[in-house]
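Here's a quick briefing on ring contacts and enclosed space in the structure below. Have the viewer open as you read.

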Amino acid sequence: MHLELLRKTAFQIMPLPDPEWEALAAVWTPVQYKRREVMTVAGEVEKYLYFVIGGVQRVFCLDGDKESTLLFTYTGSFSGVMDSFQLQRPSPWYLETLTHSELLRMSYTDFNRLTLEFPLIERWVRLGTVAALGGVMERHRELLSFTAEQKFRKLLTRSPHVLQLIPHKYLASYLGIDPATFSKLLSTVKL
């Protein structure tokens, strides 16, 4: 069942022939984390690529005592600090669970072996990485150009379910707006 969700998500990036899919499917290990558990610490190298079966996670950084949330991952998405994982360099980010989380994970050793052995898996990774980068660039544009209300509306249009999944203080941080402004928008903006 978990591998079927992984397959569905993976094939949205690029369908893989049976040999490649079987090799990719074989390297994932199930893991669980408790609520508010740090999976990756800033300054450490990310050891795993994750696929979320259940739960919500966030990637964030600390600037003094201020937390800034970069992204959230949840059921059916890949997770981890991707630049640290792929480049094997220390992460500037923390990865933490917001809820109890069930995931599949792949080690860097397996990832590296698969991308060297199977050119189509390497291509699949590249396409997935570029798609993720495109999403980050679009979100960066929104943060630079949109008003607080526009950012809030965009979030509700793109992912309305996050209001029930993610504490509002983290959503405010993700949008780059004050929590009081977020609460005001929550009570006044209707889609």
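**The cavity and its lining**

The largest cavity is lined by R139, E142, L143, K151, R158, Y174 and L175. Keep in mind that this is a predicted model. Two of those lining residues, R139 and Y174, also turn up below as a charge-over-ring contact.

**More on the cavity**

- Just one cavity of 30 Å³ or more is counted, and the largest cavity holds about 30 Å³ of space.
- Which elements give two or more residues to the lining of the largest cavity? They are α5 (119-145), α6 and α8.
- The most comes from α5, which gives three residues to that lining.
- Sorted by class, the lining of the largest cavity has four charged residues, three nonpolar ones and no polar ones.

**Charges over rings**

- R139 has its charged end over the ring of Y174, 3.6 Å from the ring's centre.
- Over at Y48, the face of the ring has R105 lying over it, at 3.9 Å from the ring centre.

**Helix α8**

- Helix α8 covers residues 168-175, and its buried residues include Y174 and L175, both of which also line the largest cavity.
- Y170, L171 and A172 are buried in α8 too.
- Right after α8 comes G176, with a positive phi near 75°.

**Aromatic pairs**

- How many aromatic pairs does a search of the whole structure find? The search turns up twelve.
- One of them is Y33 with Y50: the ring centres are 6.3 Å apart and the planes sit at 75°, so this pair counts as edge-to-face, since the cut-off for that label is over 60 degrees.
- Y33 belongs to strand β1 (residues 29-33) and Y50 to strand β3 (residues 48-54), so the pair ties together parts 17 residues apart in sequence.
- Y33 is buried, with a relative accessible area of 11%, and Y50 is buried as well, at 1%.
- F152 and F182 also pair up, with ring centres 5.3 Å apart and planes at 75°, so they are edge-to-face.
- That second pair links distant parts of the chain, with F152 in helix α6 (residues 148-158) and F182 in helix α9 (residues 179-188), 30 residues apart.
- Buried or exposed? Both F152 and F182 are buried.

**An aromatic cluster**

- W28, F51, F78 and W124 come together as one aromatic cluster.

Methods: Residues are numbered from 1 along each chain as its sequence is written. This is a predicted model: local features need pLDDT of at least 70, side-chain atom pairs count only at pLDDT 80 or more; totals for chains, interfaces and linings use all residues. Side-chain values use heavy atoms; hydrogens and water are left out. Rings of Phe, Tyr and Trp (its six-membered ring) pair if their centres lie within 6.5 Å; planes under 30 degrees apart count as stacked, over 60 as edge-to-face and the rest as tilted. Helices (H or I, at least four residues) and strands (E, at least two) are DSSP runs, numbered from the N terminus. Buried means under 20% relative accessible area, exposed over 50%, partly exposed in between (1.4 Å probe, protein chains only). A charge sits over a ring if NZ of Lys or CZ of Arg is within 6 Å of the ring centre and within 35 degrees of the ring normal. On a 1 Å grid over the protein atoms alone, a cavity is a set of points where a 1.4 Å probe fits but cannot get out, and a pocket is an open set with protein on both sides within 12 Å along at least five of seven lines; lining residues have an atom within 4 Å of a point. Grid points are joined across faces, edges and corners, and a volume is the space filled by probe spheres set on the points. Ala, Val, Leu, Ile, Met, Phe, Trp, Tyr, Cys and Pro count as nonpolar, Asp, Glu, Lys and Arg as charged, and the others, Gly among them, as polar.
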